[in-house]
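Here are a few short exercises to work through with the structure open beside you. Try each task before reading its solution.

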Amino acid sequence: MRLTSIPLLLAQVSVEDLEREKLFLQHNYTFLSYGLTAAWVITVIYVLMMVARERKLKREIAGLRAMLEERQK
């Protein structure tokens, strides 16, 4: 693109076009924000589920160890 064509392009843009583009970008930013928020919420829920599962497995392992120790006595 030539430098002389830039002023011609800018001269063809109206205020309404700029406003429309601004609203379009704001609308897209809103959906992007919702998407990122949803991704973080899903990630946090997944991590909390994994922590809960790990705790449950540790309790189960402790119970099995206790059962083995009682059998060996």
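**Exercise 1. Find where Phe 31 and Tyr 34 sit, and decide how their rings are arranged.**

Start with location. In this predicted model, Phe 31 and Tyr 34 both belong to helix H2, which spans residues 15-72. They are 3 residues apart, about one turn of the helix.

Next, test for pairing. Ring centres must lie within 6.5 Å, and the count comes to 1 aromatic pair. That pair is Phe 31 with Tyr 34, at 6.4 Å centre to centre.

Now the geometry. The planes of Phe 31 and Tyr 34 make an angle of 85°. Angles over 60 degrees count as edge-to-face, and that is the label for this pair.

Finally, check the surroundings: both Phe 31 and Tyr 34 are exposed.

**Exercise 2. Classify Leu 36 as buried, partly exposed or exposed, and say which surface feature includes it.**

First, place the residue: Leu 36 lies in helix H2. Its relative accessible area is 49%. Buried means under 20% and exposed means over 50%, so Leu 36 is partly exposed.

Then look at the company it keeps. Leu 36 joins Tyr 29, Leu 32, Trp 40, Val 44 and Leu 48 in a nonpolar surface patch. Together these residues have about 700 Å² of accessible area.

**Exercise 3. Describe the protein chain as a whole: how many helices and strands, and what percentage of buried residues?**

Begin with secondary structure: there are 2 helices and 0 strands. Turning to burial, 0% of the 73 residues are buried. To finish, the accessible surface of the chain is about 7,400 Å², with 67% belonging to carbon and sulfur atoms.

How values were computed
Residues are numbered from 1 along each chain as its sequence is written. This is a predicted model: local features need pLDDT of at least 70, side-chain atom pairs count only at pLDDT 80 or more; totals for chains, interfaces and linings use all residues. Side-chain values use heavy atoms; hydrogens and water are left out. Rings of Phe, Tyr and Trp (its six-membered ring) pair if their centres lie within 6.5 Å; planes under 30 degrees apart count as stacked, over 60 as edge-to-face and the rest as tilted. Helices (H or I, at least four residues) and strands (E, at least two) are DSSP runs, numbered from the N terminus. Buried means under 20% relative accessible area, exposed over 50%, partly exposed in between (1.4 Å probe, protein chains only). Patches are made of residues with over 30% relative accessible area and no salt bridge: like charges are joined within 9 Å, nonpolar side chains (Val, Leu, Ile, Met, Phe, Trp, Tyr) within 5 Å. Accessible areas come from the Shrake-Rupley method with a 1.4 Å probe; for residues, only the protein chains shown count as cover. A salt bridge is a side-chain nitrogen of Lys or Arg within 4 Å of a carboxyl oxygen of Asp or Glu.
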